[in-house]
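Student: I would like a close look at one part of this model, set against the chain as a whole. Please take the surroundings of a single buried side chain and work outwards from there.

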Amino acid sequence: MNFLLRGCFVVCVLVKASTVSINPALDNEWLSWKTFHKKVYQEKDAAFRRNVWEQNLQYIEKHNTDYFMGKHTFAVGMNQFGDMTVEEFSNLLNRRNTRQYNNKTCNIFTADDKTDLPQSVDWRPKGYVTGVKDQKACGSCWAFSTTGVLEGQWFKKTGKLISLSEQYLMDCSQSVGNHGCNGGSNYRSLLFIKEKGINSEESYPYTAKTLNQGPVCLSRWTLSNL
């Protein structure tokens with residue numbers, strides 16, 4: 001009886017897997033996308049990833065159709081995350097570090113009712129923003145948001161836009177509770193930089209993995225009085 005039940009379970013799983021809808025007309029586009037992004041799958045995962053990719057492609061096409069009809073303010077496109085579900089993408093790039101910390105020293109700006117603020121501000125043409133960066137398959141968004149804040153502030157103070165090193169924070173700020181690709185805190189990172197300094201992106205490039213290069217952490221460029 002147990003043997004029959006196990007046999008039925010295997011058959012049911014195979015039937016379910018075989019019902020994954022694949023559009024043969026997209027074979028060449030799928031192959032080109034995999035080649036460009038260097039995607040390689042185990043045989044048991046290939047059909048599922050193809051199906052997710054096709055669903056994301058359908059979403060992109062529908063969204064962009066609506067965009068050209070004026071229903072959205074932005075267009076979207078396929079990228080290296082196209083074979084991931086929304087949940088997988090969220091788990092990858094929105095990792096949270098839940099350790100509590102004291103932020104009583106923070107100065108929080110609160111606008112009063114009489115403050116005349118613009119509806120929107122684009123800092124890019126003003127020179128405050130570096131080029132687009134890619135954190136890849138690494139939960140290091142905390143490091144990128146930290147450097148982005150400082151890059152803009154440094155430009156405001158000096159008129160020089162310098163790309164700062166996220167990798168330095170990933171490798172060197174674990175002593176304050178950051179965890180490289182597994183999450184970190186913007187607040188703790190800013191306090192760390194205030195005390196220890198930071199490297200430029202050019203001198204300490206991004207690798208999308210934690211290297212733990214202790215001696216390299218001693219060589220840094222200091223942003224003073226920010």
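What percentage of the residues in the chain is buried? After that, please look closely at Glu166: where is its place, and which residues does Glu166 touch?

Tutor: This is a predicted model. Of the 226 residues in the chain, 30% are buried. The chain has seven helices and zero strands, so its elements, read from the N terminus, run α-α-α-α-α-α-α. Among contacts with a separation of 6 or more, 71% are between residues 24 or more positions apart.

Glu166 belongs to helix H6, which covers residues 166–172. Its relative accessibility is 0%, and because buried means under 20%, Glu166 counts as buried. The side chain of Glu166 makes a polar contact of 2.7 Å with the side chain of Lys133. Setting aside residues up to four places away in sequence, Glu166 touches Lys133, Ala143, Phe144, Thr147, Glu151, Glu201 and Tyr206.

Several of these partners lead to helix H5, residues 141–158. The buried residues of H5 include Ala143, Phe144, Thr147 and Glu151, and each of these four is also touched by Glu166. Also buried in H5 are Trp142, Thr146, Leu150, Gly152, Trp154 and Phe155. The buried residues of H5 pack against H6 and against helix H7, which covers 186–196. As for the length of H5, its 18 residues at 1.5 Å a residue should span 26 Å, and the end C-alpha atoms are 26 Å apart, so the two values agree. After H5 comes Gly159, with a positive phi near 80 degrees.

Another partner of Glu166 is Glu201, which is in the segment after H7. Apart from neighbours within four places in sequence, Glu201 is in contact with Lys133, Ser163, Leu164, Ser165, Glu166 and Tyr206. Lys133 and Tyr206 thus appear in the contacts of Glu201 and in those of Glu166. The side chain of Glu201 also reaches the backbone nitrogen of Tyr206, at 3.2 Å. Between the C-alpha atoms of Glu201 and Ile162 there are 8.1 Å in space, with their positions 39 residues apart in sequence.

Further along H6 is Met170. Met170 has a relative accessibility of 0% and therefore counts as buried. Leaving out neighbours within four places in sequence, the contacts of Met170 are Cys138, Ser140, Trp142, Ala143, Gly180, Cys181, Tyr206, Lys209 and Thr210. Ala143 and Tyr206 are in this list and are touched by Glu166 too. Gly180 is 10 residues from Met170 along the chain, and their C-alpha atoms are separated by 4.3 Å.

The loop between H4 and H5 holds Lys136. Its phi is near 60 degrees, a positive value in a residue other than glycine. Most residues other than glycine have a negative phi. Lys136 counts as partly exposed, because its relative accessibility is 42%. Lys38 also has a positive phi, near 55 degrees, and is likewise a residue other than glycine. Lys38 is in the loop between helix H2 (27–36) and H3, and at 71% relative accessibility Lys38 counts as exposed.

That loop leads to H3, residues 43–68. The 26 residues of H3 should span 38 Å at 1.5 Å a residue, and its end C-alpha atoms are 38 Å apart, so expectation and model agree. Buried residues in H3 include the charged residues Arg49, Arg50, Glu54 and Asp66, as well as Trp53, Leu57 and Ile60. Gly70 follows H3 and has a positive phi, near 85 degrees.

H3 also takes part in the second largest pocket: H3 and helix H4 (86–93) each supply at least two residues of the lining. The volume of this pocket is about 390 Å³. Of its 14 lining residues, Asn56, Gly77, Asn79, Phe81 and Phe89 are the closest to the centre. The lining consists of nine nonpolar and five polar residues, with no charged ones.

To return to the request: Glu166 is buried in H6, with its side chain in polar contact with that of Lys133.

Note on methods
Residues are numbered from 1 along each chain as its sequence is written. This is a predicted model: local features need pLDDT of at least 70, side-chain atom pairs count only at pLDDT 80 or more; totals for chains, interfaces and linings use all residues. Side-chain values use heavy atoms; hydrogens and water are left out. On a 1 Å grid over the protein atoms alone, a cavity is a set of points where a 1.4 Å probe fits but cannot get out, and a pocket is an open set with protein on both sides within 12 Å along at least five of seven lines; lining residues have an atom within 4 Å of a point. Grid points are joined across faces, edges and corners, and a volume is the space filled by probe spheres set on the points. Helices (H or I, at least four residues) and strands (E, at least two) are DSSP runs, numbered from the N terminus. Buried means under 20% relative accessible area, exposed over 50%, partly exposed in between (1.4 Å probe, protein chains only). A polar contact is a pair of N or O atoms within 3.5 Å; within protein, one must be able to donate a hydrogen and the other to accept it, and residues adjacent in sequence count only if both atoms are side-chain atoms. Contact means heavy atoms within 4.5 Å. The expected span of a helix is 1.5 Å times one less than its number of residues.
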